[in-house]
Amino acid sequence: MAEKKETQVRVEDQVRALIAQIESIRAEISALDAAINALRQTVATLRTLKRLGQGKNVLIPVGSIAQVEMKIENLDRIVVSVGQNISAELSYDEAIKYIEDEIERILALRLVLEQTIADLYTQIEQLIQGKQEQKEENK
Amino acid sequence: MELNKSNPQEAIVLQLQLIKAELEQLEKVKEFLKNLEPGRKIYINLGEVMVESNYLEAIQYLDEKEKELKAALLELEAKLTSAGLKA
């Protein structure tokens, strides 16, 4: 009897652990979604700036509260962050491609995480099913 | 109870994975810089300020980061080994 109770508790612990993993992965997916949105906004902004043309004035944020007016000198070169605190100058087209490739990379990672969640749900179902089958056997 | 005991070790394993991912990214950035057209400007992000740099300085900066990460990796692997676990 005590053994059956122990098995039941183990299954419950396993299910709880799997649910915790799922929640953690969901939080990661939310972070990836935010990153994707930010990158898409960047591409949209660069395209708009290119369309507005050189010589136009723009307001550049300084901190969270102030803005400074500046003139767009050159949109042929864009400085892009490439990771590890390094930024590099790219041509406009190279920069757009780099950012779009980054979006694709994150989307691929997002897909893997979603698949992981699906697999974890399958594991939970199997655990619950196993527990129910055991209960039936013990009747 | 076993679940609680394994948590510090799980934290070490997670830290190891994060450092390995950072080392991988570092290699990719080095490769990117190697393939960058000569004459293109390179900047190092120092937080609020980005300082203009060059290829050699940027690689040196990344090499130093790599050394620190590898040292941290060795330390964590030693901790795991002494705890009797493999990453």
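These exercises walk through parts of a predicted model, each with a worked solution.

The model is predicted, so local features need pLDDT of at least 70 and side-chain atom pairs count only at pLDDT 80 or more, while totals for chains, interfaces and linings use all residues. Residues are numbered from 1 along each chain as its sequence is written, and chains are lettered from A, with ligands numbered from 1, in the order in which they are written.

**Exercise 1. Outline chain A**

Find how many helices and strands chain A has, and what pattern they follow.

Solution.
- Start with the rule: helices (H or I, at least four residues) and strands (E, at least two) are DSSP runs, numbered from the N terminus.
- Chain A holds two helices and four strands.
- Along the sequence, the pattern reads α-β-β-β-β-α.

**Exercise 2. Judge the overall form of chain A**

Compare the radius of gyration of chain A with that of a compact globule of 139 residues.

Solution.
- The radius is taken over C-alpha atoms, and the globule rule is 2.2 Å times the number of residues to the power 0.38.
- For 139 residues the rule gives near 14 Å, but chain A has 25 Å.
- Next, take the box along the principal axes: the C-alpha atoms fill roughly 80 × 30 × 25 Å.
- Then check burial. A residue is buried if 20 or more other C-beta atoms lie within 10 Å of its own, exposed if 12 or fewer, and partly exposed in between; C-beta atoms are placed from the backbone.
- Of the 139 residues of chain A, 6% count as buried.

**Exercise 3. Place A:Tyr98**

State where A:Tyr98 sits and which residues it touches, not counting residues up to four places away in sequence.

Solution.
- A:Tyr98 belongs to helix α2 (residues 92–138) of chain A.
- A:Tyr98 is partly exposed because it has 17 C-beta neighbours inside 10 Å.
- Two residues are in contact if their C-beta atoms, placed from the backbone, lie within 7 Å.
- With that exclusion, A:Tyr98 touches A:Val80 and A:Leu90.
- A:Asn57 is 41 residues away along the chain, and the two C-alpha atoms are separated by 26 Å.

**Exercise 4. Read the loop between β3 and β4**

Give the phi values of A:Gln84 and A:Asn85, and say whether each residue is buried or partly exposed.

Solution.
- Most residues other than glycine have a negative phi.
- A:Gln84 lies in the loop between β3 (77–83) and β4 (86–91) of chain A. Its phi is positive, near 55 degrees.
- A:Asn85 is placed in the loop between β3 and β4. Its phi is positive too, about 65 degrees.
- A:Gln84 is buried, because 21 other C-beta atoms lie within 10 Å.
- A:Asn85 has 17 such neighbours inside 10 Å, so A:Asn85 counts as partly exposed.

**Exercise 5. Describe where chain B meets chain A**

Find how many residues of each chain are in contact, and which elements of chain B take part.

Solution.
- 18 residues of chain B contact 11 residues of chain A.
- On the chain B side, α1 (2–35), β1 (42–45) and α2 each supply at least two residues.
- α1(B) gives the most, with seven residues.
- Strands pair if DSSP finds at least two bridges between them. β4(A) and β1(B) pair in the antiparallel sense over three bridges.
- In this pairing, A:Ile86 stands opposite B:Ile44.
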